[in-house]
Amino acid sequence: MFHSNNIRLRKMEKSDIEKYYLWRNDLEVTTTTSPMLDVYSLEETSRRYLPKWN
């Protein structure tokens, strides 16, 4: 983990999946961070990341 007064970086955790899903599907976020505007369902997001914790 890396952290400072303004930033904290750590590995993604199982509890982050829903937050990541909401962030990844926020058009205000993806228009500035992603060249491809793919929208993923919560199920697709979980399928992609849950195997890491099973």
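Which residue does the side chain of Arg10 meet in a salt bridge of 2.7 Å, N to O? In this predicted model, the partner is Asp16. That pairing is a convenient way into the structure, and the wider fold is set out here before the charged residues are taken up again.

The protein chain contains three helices and two strands, arranged along the sequence in the pattern β-β-α-α-α. The mean pLDDT of the protein chain is 79, and 81% of the residues reach a score of at least 70. Confidence varies from element to element: helix H1 has the highest mean pLDDT, at 86, whereas strand E1 (residues 2–3) has the lowest, at 71. Of the 54 residues in the protein chain, 17% count as buried. The accessible surface of the protein chain amounts to about 4,900 Å², with 54% of that area supplied by carbon and sulfur atoms. Turning to contacts, among those with a separation of 6 or more, 41% link residues that are 24 or more positions apart.

With the overall picture in place, the charged side chains can be considered. Side chains of opposite charge can pair when their charged atoms come close. Searching the whole structure gives three salt bridges. Arg10 takes part in the one with Asp16 at 2.7 Å, N to O, and its side chain also meets that of Glu13 in a salt bridge, here at 3.8 Å, N to O. The surroundings of these residues can be read from their accessibility. Arg10 is partly exposed, with a relative accessible area of 36%, and Glu13 is likewise partly exposed, at 38%. Asp16, by contrast, has a relative accessibility of 10% and therefore counts as buried.

A further salt bridge is found in helix H3, between Glu43 and Arg47, whose closest N and O atoms are 3.3 Å apart. Because Glu43 and Arg47 are four residues apart in helix H3, about one helical turn separates them. Both ends of this pair count as exposed: Glu43 has a relative accessibility of 56%, and Arg47 has one of 54%. As for Arg10, Glu13 and Asp16, salt bridges with shared partners join these residues into one network.

Helix H3, which spans residues 42–49, also holds Thr45. Is Thr45 buried or exposed? Its relative accessibility is 5%, so Thr45 counts as buried. Which residues does Thr45 contact, once neighbours within four places in sequence are left aside? The partners are Ile17, Tyr20, Tyr21 and Tyr40.

One of those partners, Tyr20, leads on to the aromatic residues. The structure has one aromatic pair. It is formed by Tyr20 and Trp23, whose ring centres lie 5.8 Å apart with the planes at 40°, so the pair is tilted. For readers who like to see the reasoning, a plane angle under 30 degrees would have made the pair stacked and one over 60 edge-to-face, so the rest, tilted, is what remains. Tyr20 and Trp23 both belong to helix H1 (residues 17–24), and their spacing of three residues corresponds to about one turn of the helix. Each of the two is partly exposed, with a relative accessible area of 25% for Tyr20 and 42% for Trp23.

Helix H1 also includes Arg24. What is the burial state of Arg24? With a relative accessible area of 14%, Arg24 is buried, the limit for that class being under 20%. Val39 lies 15 residues away from Arg24 along the chain, yet the C-alpha atoms of Arg24 and Val39 are separated by 7.5 Å.

Finally, the surface has a nonpolar patch to look at. Which residues make this patch, which covers about 310 Å²? The residues are Phe2, Ile7 and Leu9. Phe2 belongs to strand E1, the element with the lowest mean pLDDT, at 71. Phe2 is partly exposed, with a relative accessible area of 48%.

Conventions. Residues numbered from 1 in each chain as written. Predicted model: local features only at pLDDT ≥ 70, side-chain atom pairs only at ≥ 80, totals over all residues. Heavy atoms only, no water. Buried < 20%, exposed > 50% of the residue type's maximum accessible area, 1.4 Å probe, protein only. Contact = heavy atoms within 4.5 Å. Salt bridge = Lys/Arg side-chain N within 4 Å of Asp/Glu carboxyl O. Phe/Tyr/Trp six-rings, centres within 6.5 Å; stacked < 30°, edge-to-face > 60°. pLDDT = per-residue confidence, 0-100. Patch = residues over 30% accessible without salt bridge, like charges linked within 9 Å, V, L, I, M, F, W, Y side chains within 5 Å. Areas by Shrake-Rupley, 256 points an atom, 1.4 Å probe, with all protein chains shown as cover.
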